[in-house]
Every structure is written in structure tokens, then in C-alpha cells.
Amino acid sequence: MKTLLDQLANYADYHRSARNIATHLVGVPMIVLALFALMSRPVWVDGPVPLTPAVCFATVLVLYYLRLNLGMGLIMGVLYALGLVFGTAVAALDDTTWLGVGVGGFVVGWVIQFVGHVFEGRKPAFFDDVIGLAIGPLFVVAEVLFKLGAYAELKAQIEARSGPVRA
């Protein structure tokens, strides 16, 4: 299995433009929240934490993130739990609103992503490796953590492999 450094550096190879990274800071969360909304129906088992496709999807991803890195995995777990709360709330709305938020957020998020890749001058990472779809949200969190001064050694290792972020 690839390491956290391997996954983030591979993803970073496709994301060295600051403008592209900025679009990802908006587009990736929109896509993830839209997916949580859409996948919060149907409810297979009702309860304090309803069992939905969104819960299964988030659980698998968080377990993968935890395997890559405990600290980032825990952060992703908290963020995905908040995303599931959002998705559950949206799924409880009428069908038109649920679909509008879910499909609309998904489409707009991807448009923002593709604009970022125009800035980058390079195709999205998932075109070459589908795992990029799972690593994108982790990459966004890592970029925010790097801006906050956390994981400086990991950031330096990624930049040694992929080069620095360009203005």
C-alpha cells in the first residue's frame, strides 16, 4: 500500500499552481458535501446514526485515511462526521431541494475543479489514478494544515518530490 507521502506527492504532482489549489479548497468540499447529501438517501436502518450509503462511504474512506496517518485520519473523521450531519439534514428536505443541493453542488464543485486545472495546465489526477478521487479531500485538508504550520516535514517531503507551489 502506498504511504501518505506517496499519495499526497502523487496528487501534488497535478496541483502545483496556487490558483488550482485555491479552486480545490472550494470545489472539493462542495463535491464531498453534495455526495453526502445525495447518498444520505435511502435510509437503510433508522437510528441515532441512520445507516445510509453516505455513512458506508464515509466509514470506508475514514478507515483508509486513518491507515495512512492517524492524525489526518482523525481530522478527516471529524470533518466527514460534520458532512454526514449536513447530508442527513439535506436528505430530510423535499425532493426538489435535496436534488438541487446535491446535484447542483456536485456540478458546480466539478466546474470549479476543472477551472483550476485550466490554471494548472494539467488534467486532474484521477484521470491517471482513480484513487485521486479519495485523496483529493485529504489533499485539501493537508494544504490547510500546511498553511497553519502543521506537518512541516511532510510538506517539505512533498515539495522535494513534486516541487514547490507556484504563484
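Of the 167 residues in this chain, 43% count as buried. Keep in mind that this is a predicted model.

On overall form, the radius of gyration is 16 Å, which agrees with the value near 15 Å that a compact globule of 167 residues would have. The C-alpha trace spans about 50 × 35 × 30 Å along its principal axes. The chain exposes about 8,500 Å², and 71% of that comes from carbon and sulfur atoms. As for charge, there are 11 positive and 11 negative, and their mean positions lie 7 Å apart.

Secondary structure is quickly told: seven helices and zero strands. If we take the contacts with a separation of 6 or more, 74% of them are between residues 24 or more positions apart.

Now to one helix in detail, H7, residues 152-162. Which residues of H7 are buried? They are Leu-154, Ile-158 and Ser-162. These three cover an arc of only 50 degrees around the axis, so they sit on the same side of H7. The spacing behind this is general: an α-helix has 3.6 residues a turn, so residues three or four places apart point the same way.

What covers that buried side? The cover for the buried residues of H7 includes helix H1 (4-12), helix H4 (70-91) and helix H6 (132-147). On the other side of H7, the exposed residues are Ala-152, Glu-153 and Ala-160.

Last, the end of the helix. Gly-163 comes just after H7 and takes a positive phi of about 95 degrees.

Technical notes. Residues numbered from 1 in each chain as written. Predicted model: local features only at pLDDT ≥ 70, side-chain atom pairs only at ≥ 80, totals over all residues. Heavy atoms only, no water. Helix = DSSP H or I, 4+ residues; strand = E, 2+ residues; numbered from the N terminus. Rg over C-alpha atoms; globule rule 2.2 N^0.38 Å. Buried < 20%, exposed > 50% of the residue type's maximum accessible area, 1.4 Å probe, protein only. Contact = heavy atoms within 4.5 Å. Areas by Shrake-Rupley, 256 points an atom, 1.4 Å probe, with all protein chains shown as cover. Lys, Arg positive; Asp, Glu negative; His and termini not counted. Charge placed at Lys NZ, Arg CZ, Asp CG, Glu CD. Arc of directions from axis to C-beta.
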